[in-house]
Amino acid sequence: TPHRVIVDGRTVYAWCATDTLMFAVILGRPTIVESACPQTGRAIRVELTPDAVRSLDPPDAVMTAVRPTGRLADVRASTCSHGHFFSSATAAADWTRQHPEGYVHLVEEAFRLDRRVIQQLGWEAR
């Protein structure tokens, strides 16, 4: 996986971009996410607190996701393999054309959405 999460000096990996945003909220610790745009190869770095995106490079980075409905036989293939960081919406254009059922969000918006889900599930660090 191209998605690395650094928390308290330790590096772990995530299957999809969305997963990387959840660590800070679930653990209640600042995290750093490092990934690469699959279109341009540009490095992407996100610094998170449990409450917000502290910094983002590049600042126009976006995330992609698909949200299948119904029962899934393979979550990783059905959802995770489609969750990427792109350096911009323009860089994600080919992905968007290939995945009309998909979503593209600014990283800050994706974090807010994912944080809300974690809170609703009761997984937020207390």
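**A walk from helix α4 to strand β6**

At 47% relative accessibility, Leu121 counts as partly exposed, because that value falls between the 20% and 50% cut-offs. This is a predicted model, so take everything below as computed from predicted coordinates. Leu121 sits in helix α4, and it has nonpolar company: together with Ile26, Leu27, Val117 and Trp123 it makes up a nonpolar patch on the surface, with about 450 Å² of accessible area in total. Two helices do much of the supplying here, since α1 (17-27) and α4 (107-121) each give at least two residues to that patch.

Stay on α4 for a moment and look at its charged side chains. Arg112 forms a salt bridge with Glu109, and their closest N and O atoms are 2.8 Å apart. Both residues belong to α4 and are three residues apart, about one turn of the helix. Neither end is hidden away: Arg112 is partly exposed at 46% relative accessibility, and Glu109 is partly exposed at 29%.

Now try Arg115, whose side chain meets that of Glu124 in a salt bridge (3.4 Å, N to O). Here the two partners fall into separate classes. Arg115 has a relative accessible area of 18% and is therefore buried, while Glu124, at 24%, counts as partly exposed. The line between them is the 20% cut-off for buried.

These are part of a wider set, as the whole structure holds nine salt bridges. Another one pairs Asp57 with Arg42, at 3.7 Å from N to O. This pair links distant parts of the chain: Asp57 is in strand β5 (residues 53-57), Arg42 is in the loop between β3 (31-36) and β4 (43-48), and 15 residues separate them. Asp57 is partly exposed at 41%, and so is Arg42 at 42%. Elsewhere, Arg4, Glu34, Arg45 and Glu47 are joined in a network of salt bridges.

Last stop: strand β6 (residues 62-65). Which of its faces are covered? Both are: Val62 and Thr64 are buried on one side, Met63 and Ala65 on the other. That split follows a familiar rule, because side chains in a regular strand alternate between the two faces of the sheet.

β6 also has strand partners. It pairs with β7 (residues 85-86) in the antiparallel sense over two bridges, with Met63 standing opposite Phe85 of β7. It pairs with β8 (residues 103-106) in the antiparallel sense as well, over four bridges, and there Thr64 stands opposite Val104.

Note on methods. Residues are numbered from 1 along each chain as its sequence is written. This is a predicted model: local features need pLDDT of at least 70, side-chain atom pairs count only at pLDDT 80 or more; totals for chains, interfaces and linings use all residues. Side-chain values use heavy atoms; hydrogens and water are left out. Buried means under 20% relative accessible area, exposed over 50%, partly exposed in between (1.4 Å probe, protein chains only). Two strands pair if DSSP finds at least two bridges between them. Patches are made of residues with over 30% relative accessible area and no salt bridge: like charges are joined within 9 Å, nonpolar side chains (Val, Leu, Ile, Met, Phe, Trp, Tyr) within 5 Å. Accessible areas come from the Shrake-Rupley method with a 1.4 Å probe; for residues, only the protein chains shown count as cover. A salt bridge is a side-chain nitrogen of Lys or Arg within 4 Å of a carboxyl oxygen of Asp or Glu.
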